[in-house]
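Please look over the sequence and the model below before reading on. The paragraphs that follow treat the domains, the interface and the internal space in turn.

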Amino acid sequence: MEKEKCIDRRSDSNILPPNSYFLPIILFFCVLCAVCCVLSAVCCLLYAILAPMNIVLVGAQWGDEGKGKVIDVLTGEVDILVRYQGGHNAGHTVIADGKEFIFHLIPSGLLHKGKTGLIGNGVVIDPEALLEEMQRLKARGIDVRRTLKISDEAHVIFPYHKRLDILEESWRTGRIGTTGRGIGPCYVDKVARCGIRVADLCSKEFAHKLRQRLTEKNRLLRAMYGERPLSFQQLLGRYQGYAKALAPHVVHGPRFLQDAIKRGKRILFEGAQGTLLDIDHGTYPYVTSSNATAGGACTGSGVPPTAIHKVIGVVKAYTTRVGEGPLPTEFPNALMEQIRHRGKEFGATTGRPRRCGWFDAVVVRHAVCVNGIDAIAVTKLDVLDDMDTIKICTGYRDGKKQIREFPSDIDVLNRAEPIYETLPGWKAPASESTRWQALPMAARRYLKRLQTLLGVPICLISTGSKREQAFKTKHWFATG
Ligand code: IMP
């Protein structure tokens, strides 16, 4: 009897209650899930580190948005910096370790050690200005002799371009307010198929090509403007000297970039000027002569559109423009002076005072559309710290008509009356914030409203000129 009991007890303990099977199964799946999570996190990390990431950075207003500062933040995440349009009309300011650097032709990312820069075929190069810039940088400890490459397909600016720029501007009814650096006339020659490229400058045929061009230009200068002709011999000697100095930097731009892409290098395309100064998509004719929009990165460097992964637009928390042309949200005089001085709104290239106005969401929506902007970097938020109220232009009124889309007709834009939305100011120093949550509540509300109006997230906020006065938001994309 006793034995039977014993057997029964043993068999009882062998039969587990149905519930006790669940525990190991659940444990097994938990472990499996944890392993999967870790693996996918590792994969994401590896992808972020190894995946190709070529970024175009564009100005989403009229230039001077503070692109230099954003480039400085992004440079740590890329290997190669490319300028793809414009010339030394541009001025990118970077403040690093308390020192101010202004770049005109050289990609500003070269401020960082170990980076390579390319001046692409879409840029127009004044060799004198470029060599001066190289020297200025060298004197301040940045030697670009090994790191700067120049595309042999870029066009060269000559003194006749500069003369023509100034003369055309002074004779024009309805001035554009150009920088007077010969940018427009050089692009005119490029499109008229009579320009001289870096490859020509460095070739044996240079003297012959220069003589041909100079004969034409001197004829024009004399007949149209009564100007004295430029000396061929002097120009030849000067430009042969430039050719010698620049020759070690010259490469075939598209091949250079293709090789870099194949080797897994990451590229940042540094747009100059801004969308509203783009020759096709800007406030024509009050524009520059190149494609400052994201598409220009392909034509101006020789990389295919399929090699571009992200487009970042840079905007100021308000609006500025230099030179002539419509600026619908322009401030009245007193406010203009206040913001101009607080924001140090004087051109980095010409020193001209910038015109300032409220943020124009119509303009930036247009920029988001034509550039395919993925995310926005907002600069100079701190300049609005003292405002009691802040306005955002959400549309225009043209007589009785309301306009929500950016008009192509310059006369409509000239007449346009902004429709404003008014938000409370934050009356606190935004410059002390190093993360989104630390920003004054009203500043966050302002930025959130911009995001909603533009339909794209804000990925970076800059609250001062120093390097450390900028922070990424949760919308920053993984670039490794
Ligand atoms: P250009 O580029 O010198 O022919 O000047 C044409 C227009 O573009 C003028 O209104 C200039 O003030 C403007 N512009 C050219 N480069 C810049 C820039 O880097 N920032 C702002 N405006 C610019």
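How many Å separate the centres of domain 1 and domain 2, taken over C-alpha atoms? In this predicted model, the centres of the two domains lie 29 Å apart when they are computed from the C-alpha atoms. The division behind that value assigns residues 55-153 together with 252-472 to domain 1, whereas domain 2 takes in residues 155-247, and domain 1 is thus written as two segments of the chain, with the range of domain 2 falling between their numbers.

The interface between these domains can be described first by its contacts and then by its area. On one side 31 residues of domain 1 take part, and they are in contact with 22 residues of domain 2. The size of an interface is often given as the accessible area lost when the parts come together. For domain 1 and domain 2 the area buried between them is about 2200 Å², with 62% of it on carbon and sulfur atoms.

Polar interactions also link the two parts, with 11 residue pairs in polar contact counted between domain 1 and domain 2, where both residues have pLDDT 80 or more. The count of salt bridges between the domains is 1. A salt bridge joins the side chains of Glu128 and Arg238, with an N to O distance of 3.3 Å.

As for internal space, the structure holds 1 cavity of 30 Å³ or more, and the volume of the largest cavity is about 40 Å³. Its lining includes Gly282, Thr283 and Tyr284, as well as Phe406, Pro407 and Asp409, and by class the lining comprises 5 nonpolar, 3 polar and 1 charged residues.

Methods
Residues numbered from 1 in each chain as written. Predicted model: local features only at pLDDT ≥ 70, side-chain atom pairs only at ≥ 80, totals over all residues. Heavy atoms only, no water. 1 Å grid on protein atoms, 1.4 Å probe; cavity = no way out; pocket = protein on both sides within 12 Å on 5 of 7 lines; lining within 4 Å. Points joined across faces, edges and corners; volume = space filled by probe spheres on them. Nonpolar A, V, L, I, M, F, W, Y, C, P; charged D, E, K, R; others polar. Domains from an automatic or database assignment. Contact = heavy atoms within 4.5 Å. Buried area = accessible area lost by both parts, 1.4 Å probe. Salt bridge = Lys/Arg side-chain N within 4 Å of Asp/Glu carboxyl O. Polar contact = N/O pair within 3.5 Å; in protein donor to acceptor, adjacent residues only side chain to side chain.
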